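Welcome, and please open the structure in your viewer. This tour tells you what to select at each stop and what you will find there.

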Amino acid sequence: MTTIPHFVNGQRKEGEGTLPVFNPATGEVRAHVPVPDPAFVDDVVASARAAWATWRSSTLSQRTNILFTFRQLLVEHADELAALITAEHGKTLADAHGEIARGLENVEYACGLTEHLKGGFSAQVADGVDVHSLREPLGVVAAITPFNFPIMVPLWMTANALATGNAVVLKPSERDPSVSVRLGELLGQAGLPNGVFNVLQGNATTVTQLLEHPGVDAVSFVGSTPVARHVYESGIAHGKRVQALGGAKNHMVVLGDADLDVAADAAINAGFGSAGERCMAISVVVCVGDVADELVAKIAERIDALTVGPGDDPASDFGPVITAEHRDRVVNYVANAPAEGITIVRDGTALAERDGFFVGPCLLDGVRPGTATYDNEIFGPVLGVARVATYEEAVTLINSNPYGNGTAIFTRDGNAARRFSRDVTVGMIGINVPIPVPIASYSFGGWKNSLFGHAHIYGPEGFAFYTRAKVITTRWPQASESQIDLGFPRTR
Ligand code: NAD
């Protein structure tokens, strides 16, 4: 049985594989991954710190060249990387390629680091005095990532953290950790000095060590809300800069004037793509007025045409969920829904009998606050339908929800769409776009329980998060000039 190694100081480092990594399409264990002991964690952080001492002073053109080459290597290895993702995560190969493409965008954005790191300069703020600002790297960044985007989320963090001159210790999800090791190798091939990027395998215990480690300066975390909150609080208590992105419950509002075929297609793509295991997946379709019956029928009709199967079968629309426990949890939500007055319009739970961790598409009509299928992030192929009478009720529903990652509205009314984008307390909004993940030159982040900390991830806020400001005020005295002035400095 294979053990998935760490990647430290430019090399694979074997450990004792204790945690199973499954192929979710078969249910078989395909490898094991180690949980390092505290001394190993110390060694990895020390190696990153040592490498940072030089990397922080690398030239901007050196970093740009490495990132350009890395981008090219990712393109050349896309098939291999996608196959690794599918083997451990279960998503379709097409979806794995999509994830790589969205990750690549972040590398491309980071390639513009010379522009993004430009400081400011103000000449003659007082007589003979100039001021300029610059941003410097923080040091060692711990990047802690979830299972559902095993290459995209590491690239959200890594591209910008390296571009800004930091060293990185990536702690990937223990469910699908192989592709991170390949990221390390490709970065090395691109010319990144040893130790600047490291992969530390492990689990919650490993994360705790990183959060408490004096050699870690900043933490970028993406995962579930309870863990995000804990990571934020613990990281801050240990003096680190932290951004912690959490879970979601994303609503898609459909107004009476919407094109219901377009809305039904969007609900299918955003609800069931990647088996619903996306933080920007739509989990509740909010039907306003009398659109519900017709829309539910259209969604149900499309569900009947979906094929669920292994991710490496081109016929599959979506693959399995990540583990047997998660599959059982999803099945339980659906099984318990009728007791809460919810109608099961389509029930895909029979697929749980197959080998592997499959759940078919489920459609639940009548979800509402106070029911388990509404109140919890299910993170599976379960789409809920909520029925409300008015636009105002739809907005109240969204704004009362403790999550605020993404939301969408489907309408032909530009004014209603514009008003919606201003009314909702959510970080990312789609207008006739069901999964509004911002391109890499904007930043990604939710509100409320979907993000702890102030900085959104990647894009301009990513560059700001991984750097701190210095402002330098300069005056060159004339040769014979000398004065003592105990007053507070003024610019006039
Ligand atoms: P998770 O919270 O279980 O794990 C995320 C990471 O935290 C992993 O590396 C894991 O090893 C570590 N971890 C787990 N338990 C921990 C603990 N008690 N203490 C410290 N570290 C711990 O999340 P997951 O199941 O891998 O991913 C799915 C979740 O991530 C969903 O809730 C999804 O919405 C969320 N997510 C959010 C975003 C976003 O951008 N907001 C993006 C992707 C996924």
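**Stop 1: a pair of strands**

Select residues 343–346 and then residues 362–365. These are strand 15 and strand 16, and the two pair in the antiparallel sense over 3 bridges. Keep in mind throughout that this is a predicted model. To find one of the bridges, highlight Ile344, whose partner in strand 16 is Leu364.

Stay with strand 16 and show its side chains. In a regular strand, side chains alternate between the two faces of the sheet. Are the two faces of strand 16 covered or open? Both are covered: Cys362 and Leu364 on one side are buried, and so are Leu363 and Asp365 on the other.

**Stop 2: the other neighbour of strand 16**

Now add residues 382–388, which make up strand 17. Strand 16 pairs with strand 17 in the parallel sense, over 4 bridges. Pick Leu363 and look across to strand 17, where Leu383 stands opposite.

**Stop 3: the whole sheet**

In what order do the strands of this sheet run? The sheet is open and has 7 strands, in the order 15-16-17-14-13-19-20, with mixed pairing. Its edges are strand 15 and strand 20 (428–431), each of which pairs on one side only. Turn the view to compare neighbouring strands: on average they are turned by 20° against each other, direction ignored.

Move along to strand 19, residues 406–410. Strand 19 runs parallel to strand 20, and 4 bridges join the two. Select Gly406 to see one of these pairings; its bridge partner in strand 20 is Met428.

Next, bring in the helices that pack on the sheet. Helix 10, residues 260–272, touches strand 13 (250–254), strand 14 (282–288), strand 16, strand 17 and strand 19. The direction of helix 10 makes about 170° with that of strand 13. Helix 15, residues 414–423, also packs on the sheet and touches strand 13, strand 19 and strand 20. Its direction makes about 165° with that of strand 19.

**Stop 4: the loop after strand 20**

Follow the chain out of strand 20 to Asn432, which lies in the loop between strand 20 and strand 21 (447–448). Its phi is near 60°, a positive value in a residue other than glycine. Asn432 counts as partly exposed, at 36% relative accessibility.

Now jump to Gln124 in strand 6, residues 121–126. Here too phi is positive in a residue other than glycine, near 55°. Gln124 is partly exposed, with a relative accessible area of 47%.

**Stop 5: Leu451**

Select Leu451, found in strand 22 (residues 451–452). Is Leu451 buried or exposed? At 9% relative accessibility, Leu451 counts as buried, because buried means under 20%. Leaving aside residues up to four places away in sequence, Leu451 touches Ala244, Leu245, Gly246, Gly445, Gly446 and His456. Try a distance to Arg229 as well: the two are 222 residues apart in sequence, yet 8.3 Å apart in space, C-alpha to C-alpha.

**Stop 6: the cavities**

Switch on a surface. How many cavities of 30 Å³ or more does the structure hold? There are 2. The largest contains about 120 Å³ of space. Among its 15 lining residues, Gly276, Ala281, Ser283, Glu377 and Phe379 are the closest to its centre. By class, this lining has 7 nonpolar, 5 polar and 3 charged residues.

For the second largest cavity, with about 30 Å³ of space, select Trp55, Arg63, Ile66, Leu67, Leu162, Leu187 and Leu192, which line it. Helix 2 (residues 60–76) gives the largest share of this lining, 3 residues. The lining divides into 6 nonpolar, no polar and 1 charged.

**Stop 7: the largest pocket**

Finish at the largest pocket, which has a volume of about 830 Å³. Its lining counts 36 residues, and Pro146, Phe147, Gly223, Ser224 and Val227 lie nearest its centre. Colour the elements that give two or more residues to the lining: helix 6 (152–163), helix 8 (204–212), strand 11 (218–222), helix 9 (225–237) and helix 12 (324–336). Which of them gives the largest share? Helix 9 does, with 4 residues. By class, the pocket lining has 17 nonpolar, 14 polar and 5 charged residues.

Conventions: Residues numbered from 1 in each chain as written. Predicted model: local features only at pLDDT ≥ 70, side-chain atom pairs only at ≥ 80, totals over all residues. Heavy atoms only, no water. Buried < 20%, exposed > 50% of the residue type's maximum accessible area, 1.4 Å probe, protein only. Pairing = 2+ DSSP bridges. Axes fitted to C-alpha atoms, helices over the stretch in contact; angles between N-to-C directions. Contact = heavy atoms within 4.5 Å. 1 Å grid on protein atoms, 1.4 Å probe; cavity = no way out; pocket = protein on both sides within 12 Å on 5 of 7 lines; lining within 4 Å. Points joined across faces, edges and corners; volume = space filled by probe spheres on them. Nonpolar A, V, L, I, M, F, W, Y, C, P; charged D, E, K, R; others polar.
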